[in-house]
Amino acid sequence: VISKKPGSRILVTIDQDSGDCILIKNSILTMVSTHCQCPVKIRIICRELESWFLGDLDSIKKVYPRFNPIFYKNKRTYRNVDLIHNPDKHLLKAIPELKNKNYFPKVEFAEKLAPLMNYDNNTSVSFKNTLKGINSLLES
């Protein structure tokens, strides 16, 4: 079991989707507490991980040059990206290079965008809380 190895730490992340954060976290805590013997952090991603990408619109422009981040930064919907339902659908509609796709290419998008993201300027509170959780695990 990995949690018994010296220096092990575990970060559990899960999309909130439409679930209740407290119930989700308690359910995971119940499972983890009986099986893990190392520091554990649980982060519920509000609402979905794709919101993290919407929190860094400028990085999207680096991957998809026809995307216009300024147009979206001024919209009320994008002021709190963690409240956006189905952020993948927002991304699919907003990025001209993806408009002909029937589905959002999550893995491909993440692989392209993640290395370019500006962690300090991301507007997603969920993203920032997850980074804090990772840092606290590294410090423990």
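**Close-up views of a predicted model**

**View 1. The largest nonpolar core.** This core has 23 residues. Of these, Ile 60, Tyr 64, Phe 67, Leu 91, Ile 95 and Phe 109 touch the most other members. Four helices each supply at least two residues of the core: H2 (50-54), H3 (57-63), H5 and H6 (106-113). The structure shown here is a predicted model. In soluble globular proteins, nonpolar side chains tend to be buried together.

**View 2. Ile 95 and its contacts.** Neighbours within four places in sequence are left aside here. Ile 95 is then in contact with Ile 60, Tyr 64, Phe 67 and Phe 109. A second core, separate from the largest one, has 5 residues. Among them are Ile 24, Ile 28, Val 32 and Ile 42.

**View 3. The pair Phe 53 and Phe 109.** The whole structure holds 8 aromatic pairs. One of them joins Phe 53 and Phe 109 in an edge-to-face arrangement. The ring centres are 5.1 Å apart, and the planes make an angle of 70 degrees. Phe 53 belongs to helix H2 and Phe 109 to helix H6, so this pair ties together parts that lie 56 residues apart in sequence. Both Phe 53 and Phe 109 are buried.

**View 4. Phe 104 beside Phe 109.** Phe 104 also pairs with Phe 109, and this pair is tilted. Here the centre-to-centre distance is 4.9 Å, with 55 degrees between the planes. Phe 104 has a relative accessible area of 7%, so it counts as buried, the cut-off being under 20%. Phe 109 is buried too, because its relative accessibility is 0%. Phe 53, Tyr 64, Phe 104 and Phe 109 make up one aromatic cluster.

**View 5. Asp 82, a buried charge.** Asp 82 sits in the loop between helix H4 (69-73) and helix H5 (87-94). Asp 82 is buried but has no salt bridge. The nearest side chain of opposite charge belongs to Lys 128, 9.1 Å away. A salt bridge would need a side-chain nitrogen within 4 Å of a carboxyl oxygen. What does the side chain of Asp 82 reach at 3.1 Å? The partner is the backbone nitrogen of Ser 126.

**View 6. The surroundings of Asp 82.** Residues up to four places away in sequence are not counted in this view. Asp 82 touches Cys 46, Arg 47 and Ser 51. Asp 82 also touches Ser 124, Val 125 and Ser 126. Ser 126 thus appears twice: as a residue touched by Asp 82, and as the owner of the backbone nitrogen that the Asp 82 side chain reaches.

How values were computed:
Residues numbered from 1 in each chain as written. Predicted model: local features only at pLDDT ≥ 70, side-chain atom pairs only at ≥ 80, totals over all residues. Heavy atoms only, no water. Buried < 20%, exposed > 50% of the residue type's maximum accessible area, 1.4 Å probe, protein only. Lys, Arg positive; Asp, Glu negative; His and termini not counted. Polar contact = N/O pair within 3.5 Å; in protein donor to acceptor, adjacent residues only side chain to side chain. Contact = heavy atoms within 4.5 Å. Core = buried A, V, L, I, M, F, W, Y, C linked by side-chain atoms within 4.5 Å. Phe/Tyr/Trp six-rings, centres within 6.5 Å; stacked < 30°, edge-to-face > 60°.
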